[in-house]
Amino acid sequence: MASNTVEKTSVTLLGLGAMGSALARTWLAAGHAVTVWNRTPARSAALAAEGAEVADSAAAAVAANSLVVVCLLDDASVDEALAGADLAGRDLVNLTTSTPAQARARAQSARELGARYLDGGIMAVPPMIGVPEAGGFIFYSGARELFERHRETLGVPAGATYVGDDAGFAALHDVALLSAMYGMFAGIAHAFALIRKEDIDPASLAPLLTGWLVAMAPSAHQTADQLRSGDYTKGVVSNLAMQVAGTPTFLSTAEQQGVSPELLSPYFKLMRRRLAEGSAEEDLTGVIDLLLR
Ligand code: FVH
């Protein structure tokens, strides 16, 4: 009777940094045969001890299996690693963080080299890989048929979420979510700065902040609904006029606490601009239109 290892898709993985190593480990643990390659060979030793086959060149690793996953530092390192490899007939899955344009160009060059291509955007940090309850997932875009063919294998390290046949969409979704995350980090930084000089334990603010941000996060659904309908007054609870009227309180408090308003001010400026256009009854959704060039 065939063993699990034989039944499961064999994977080639280029790149054994923090993320690549975590990916390799979960495939090995799930019974997949894994061939690895890393520019600095010493990084392969630990994976070899865990059962990975180590290739001595990227070209040899690509030749070993038809499913080739790449997780390298950046787009330029992918160019470098794949330079001498024969990709004809390969299913190339690139999990390296890229821009949508880089992903589309990679899909095009893969096609020209006779390979099928999926792009990926990893929404997880290495300790979340192989830990389903951690909530990490990976966006994929490219041909749906190719995604479906490898869905089970790609779902091993983290949930696999398909976002469309445009190869650039995984990168676009990745950057969109991470951009929202940085906005949240900016808000958290400002909140901690406000209390920094007071006799307030930051550890007491942290759960309050977390709870509030989680409570506010579903507002994204209302924003989406308003964008789809084009009616930015739909379901408004706190209109723009009221919110703009409140902004001096935030700026004065920052001033009084000796905190720079530089993280908040750009957003408030956009809110005021939108209000000046006559959008008093709207939600904050109109700010999105002001960002579009
Ligand atoms: N780690 C994280 O938290 C994030 C989470 C979200 C997704 N990112 C992206 O994943 C890609 C890989 O990230 P990583 O964490 O594995 O990064 P490093 O640990 O720094 O390893 C980098 C690997 O890339 C190899 N490499 C660098 N330059 C080249 C090159 N010119 N040619 C071939 N390989 C290259 C490097 O090799 P070496 O330095 O060991 O020889 C590592 O294998 C990345 O896109 C994140 O944005 C991770």
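Reader: Where does Arg-90 sit relative to α5 and β5?

Author: This is a predicted model, so let's read the position off its assigned elements. Helix α5 covers 75-82 and strand β5 covers 91-94. Arg-90 belongs to neither of them; its place is the loop between α5 and β5.

Reader: Which side chain of opposite charge is nearest to Arg-90, and how far away is it?

Author: Arg-90 is buried, yet it has no salt bridge. A salt bridge would need a carboxyl oxygen within 4 Å of the side-chain nitrogen. The nearest candidate of opposite charge is Asp-86, at 7.1 Å.

Reader: Which backbone oxygen lies 2.7 Å from a polar atom of the Arg-90 side chain?

Author: Looking past the neighbours within four places in sequence, Arg-90 is in contact with several residues, including Ala-63, Asn-65, Gly-114 and Arg-116. Val-62 is also on that contact list. The backbone oxygen at 2.7 Å from a polar atom of the Arg-90 side chain is that of Val-62.

Reader: Is Leu-28 buried or exposed?

Author: Leu-28 is found in helix α2, which runs over residues 18-29. Its relative accessible area is 16%. Buried means under 20%, so with 16% Leu-28 counts as buried.

Reader: How far apart are the C-alpha atoms of Leu-28 and Glu-50?

Author: Not counting residues up to four places away, Leu-28 touches Val-34, Leu-47, Glu-50, Gly-51 and Ala-52. Glu-50 is 22 residues from Leu-28 along the chain. Their C-alpha atoms are separated by 7.6 Å.

Reader: Now the surface: is Phe-185 buried or partly exposed?

Author: Phe-185 lies in helix α8, residues 169-195. Its relative accessibility is 40%. The partly exposed class lies between 20% and 50%, so at 40% Phe-185 counts as partly exposed.

Reader: How much accessible area does the nonpolar patch with Phe-185 have?

Author: Phe-185 doesn't form the patch alone; Tyr-182 and Met-184 are in it too. Taken together, the accessible area of these residues is about 320 Å².

Reader: And zooming out, what share of the chain's accessible surface belongs to carbon and sulfur atoms?

Author: The chain has 13 helices and eight strands, and its C-alpha atoms fill a box of roughly 70 × 45 × 35 Å along the principal axes. Of its 293 residues, 38% are buried. The accessible surface comes to about 15,800 Å², and the share belonging to carbon and sulfur atoms is 59%.

How values were computed:
Residues are numbered from 1 along each chain as its sequence is written. This is a predicted model: local features need pLDDT of at least 70, side-chain atom pairs count only at pLDDT 80 or more; totals for chains, interfaces and linings use all residues. Side-chain values use heavy atoms; hydrogens and water are left out. Helices (H or I, at least four residues) and strands (E, at least two) are DSSP runs, numbered from the N terminus. Buried means under 20% relative accessible area, exposed over 50%, partly exposed in between (1.4 Å probe, protein chains only). Lys and Arg count as positive and Asp and Glu as negative; His and the chain ends are not counted. A polar contact is a pair of N or O atoms within 3.5 Å; within protein, one must be able to donate a hydrogen and the other to accept it, and residues adjacent in sequence count only if both atoms are side-chain atoms. Contact means heavy atoms within 4.5 Å. Patches are made of residues with over 30% relative accessible area and no salt bridge: like charges are joined within 9 Å, nonpolar side chains (Val, Leu, Ile, Met, Phe, Trp, Tyr) within 5 Å. Accessible areas come from the Shrake-Rupley method with a 1.4 Å probe; for residues, only the protein chains shown count as cover.
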